[in-house]
Amino acid sequence: MPQLDRLPGTPEFRIKLPKDGSEARGHLLTEFGGNGTYKFLLREGSVVTAEAWPGLGDHARRFRKELRANGTLVDAPTGPGFPEDAPPRWTVTRDIECNSSSAAAALVYGYDASGPESWRTAEGHPLGDYLSTGWRAPRKAWLVRGSNVSGHNLVRPLWLKEGFVSLQGAHLPPLEEADPTKSALRRFVEEGYEGAASYHQKQGLVDELHAFLTQMRVGDTVATHDDDRLYLGRITEDAVQTTSPGGLSNLRRSVTWWADGHAYDELPGELRQKLSVQHDVVDLTGVLDALDGLTGQVDGTDETEVTETLERPALKELTLPEIDGGLAADLLVHDRAWLEEMRELLLDEKQMVLYGPPGTGKTYLAMELAEYFGGGPEQVKIVQFHPSYAYEDFFEGFRPVEDPETREVAFRLTAGPLRELADLASREGNRHVPHFLIIDEINRANLAKVFGELYFLLEYRDRSVRLTYSGDDFPLPPNLFVIGTMNTADRSIALVDAAMRRRFAFVELSPRTEPTAGLLARWLKREGRDLEPARLLDALNARIEDADFAIGPSYLMKPGVYRDGGLERTWRTKIMPLLEEHHYGEGIDVAARYGLDALREQHP
């Protein structure tokens, strides 16, 4: 068998199989496979799963069958010292040359898998770190910070004046590769910054160096800011390593800067969000259109050079539909100005809480407004808070998840309803479409525990924060609106803290004020029914001294109320128990004070 050479500079990689800790090992080869990637050698002694899962490709199935037939894959030993529930395994009796690292991973797992991600070093680094950068977008955009480089401002005195952008790299050796892999940069950083940076700092530096030296390309847009102004340019040359005073700028890329900067306060909100990410190099490709709008670019070309038929389409602005008479009629709100105020509050504040006693239609109104402003139920998600609700339920956390192919259960980072809706709202093409999260009974949970660092984002929509679990830099999209509902009658519910009150607009729904006052009478007229229930409800609420314990009209807006004996039955089983609990221990005859007979005597 001919000698197969290991790809220089790459280590041994391994895959650990679940349950019994079995392991497969191998390394990259210098030869290329049929798909243009490096071949992979699966080493003798490796253990692979014996089961072929659904979804495994036909070629991989045939390959496993051939290896099994010629004795390259044999039954792994079992018996004392091996887990009883361990799935069947095969042992590799001689080295196997695979067409790619992904083909080798499929052979080990029994299902198709990504080799660059599945194979790991002993330290846990993925194989992909040892490969050159693959496909990337034709043109990208980057933020490079330079206003505080070890206490020095490089932007206007150096970058704009001399036409380049730079990174520090005083402790790096001479870089011989034009596009160094992340593994090579990690080695240089580990050696050069030993004792000069923490593990986390070195990890961040590797990512930033890889972006600057390998992922950036000539023609990409670059941005930086200084003194509340954003400056934009275009990268014109590959990265070079040079000397500089103090090593502050010895990794450089030449840039042609546009003449004028842009005031930070006048930038689009989505761009300000990205600029708030706290890294020295940030990928801004997601807001490339917004940057092009500032410079007059279309796909990297001056707009003056583009024909009129290729004019850039106007970016759609985020807005909410105007209130029409149909919505007011459907909701039985006789004053359209109240609904228009709801619209303005949502546009201004992004967050609103509807609060009031039970039966005032808070949840119903929240759903109707959300679907009307959002354009349908597809843009609306509803959650209900409760005392055990937590950040991990609401936003993201590690949850036990079963792999549908291997049936193995492992803890995986799982998105909650807010993260799912935020990701949907921030997708390309969705950013002008309003999306609504309705939080029913918002004050039933420990809000500080549920919201965590998201408290900050509720107030500062043009900023981002580093997330607790994923470590992502996350902003709340400007087109995500939140409507909460809050019951004021339940004494067991904690009050909303001042921090939350500052971040939400609070709108009262009370039977004593519009639009809830008179709602039952308007509904009865529309349904062609007698107005007696409305008169009785008004009389009841007039006798209830505490406005937080008034009774809302929705109790009497159900079909069962208007069947034989329905009003008496609803009053006895729904309304009276609330009032008995309210006056518990006070010695008040609730039936004599609030019963139907007593109210009818007063209002015959």
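This report covers a five-strand sheet, its packed helices, a surface patch and three single residues in a predicted model.

**The sheet and its helices**

An open sheet is built from 5 strands. Their order is S19-S22-S25-S18-S26, and the pairing is parallel. Strand S19 (380-384) and strand S26 (505-508) stand at the edges. Each has a single partner strand, so one side of each has no neighbour in the sheet. On average, neighbouring strands are turned by 20° against each other, direction ignored.

Strands in a sheet pair through backbone hydrogen bonds, in either a parallel or an antiparallel way. Strand S18 (residues 351-356) pairs with S26 in the parallel sense, over 4 bridges. Within these strands, Leu 354 stands opposite Val 507 in S26.

Helix H10 (residues 336-349) packs on this sheet. Helix H10 touches S18, strand S22 (435-440), strand S25 (480-487) and S26. The direction of H10 makes about 160° with that of S26. Helix H11 (residues 362-374) packs on the sheet too. The strands touched by H11 are S18, S19, S22 and S25. The direction of H11 makes about 175° with that of S22.

**Three residues compared**

The table gives the accessibility of three residues.

| Residue | Relative accessible area | State |
|---|---|---|
| Val 92 | 2% | buried |
| Asn 250 | 7% | buried |
| Tyr 469 | 31% | partly exposed |

Val 92 lies in strand S6 (residues 89-92). Val 92 counts as buried because its relative accessible area, 2%, is under 20%. Beyond its neighbours within four places in sequence, Val 92 is in contact with Leu 42, Arg 43, Glu 44, Gly 45, Ser 46, Val 48, Thr 72 and Leu 73. Leu 172 is 80 residues from Val 92 along the chain, and their C-alpha atoms are separated by 41 Å.

Asn 250 sits in the loop between strand S12 (240-241) and strand S13 (251-257). Asn 250 is buried, with a relative accessible area of 7%. Residues up to four places away in sequence aside, Asn 250 touches Leu 167, Gln 168, Gly 169 and Ala 170, as well as Val 240, Gln 241, Thr 242, Thr 243 and Ser 244.

Tyr 469 is placed in the loop between strand S23 (465-466) and strand S24 (473-474). Its 31% falls between the limits of 20% and 50%, so Tyr 469 is partly exposed.

**The surface patch**

Tyr 469 also belongs to a nonpolar surface patch. Phe 398, Phe 411 and Leu 413 make this patch together with Tyr 469. The area of the patch is about 410 Å².

Methods:
Residues numbered from 1 in each chain as written. Predicted model: local features only at pLDDT ≥ 70, side-chain atom pairs only at ≥ 80, totals over all residues. Heavy atoms only, no water. Helix = DSSP H or I, 4+ residues; strand = E, 2+ residues; numbered from the N terminus. Buried < 20%, exposed > 50% of the residue type's maximum accessible area, 1.4 Å probe, protein only. Contact = heavy atoms within 4.5 Å. Patch = residues over 30% accessible without salt bridge, like charges linked within 9 Å, V, L, I, M, F, W, Y side chains within 5 Å. Areas by Shrake-Rupley, 256 points an atom, 1.4 Å probe, with all protein chains shown as cover. Salt bridge = Lys/Arg side-chain N within 4 Å of Asp/Glu carboxyl O. Pairing = 2+ DSSP bridges. Axes fitted to C-alpha atoms, helices over the stretch in contact; angles between N-to-C directions.
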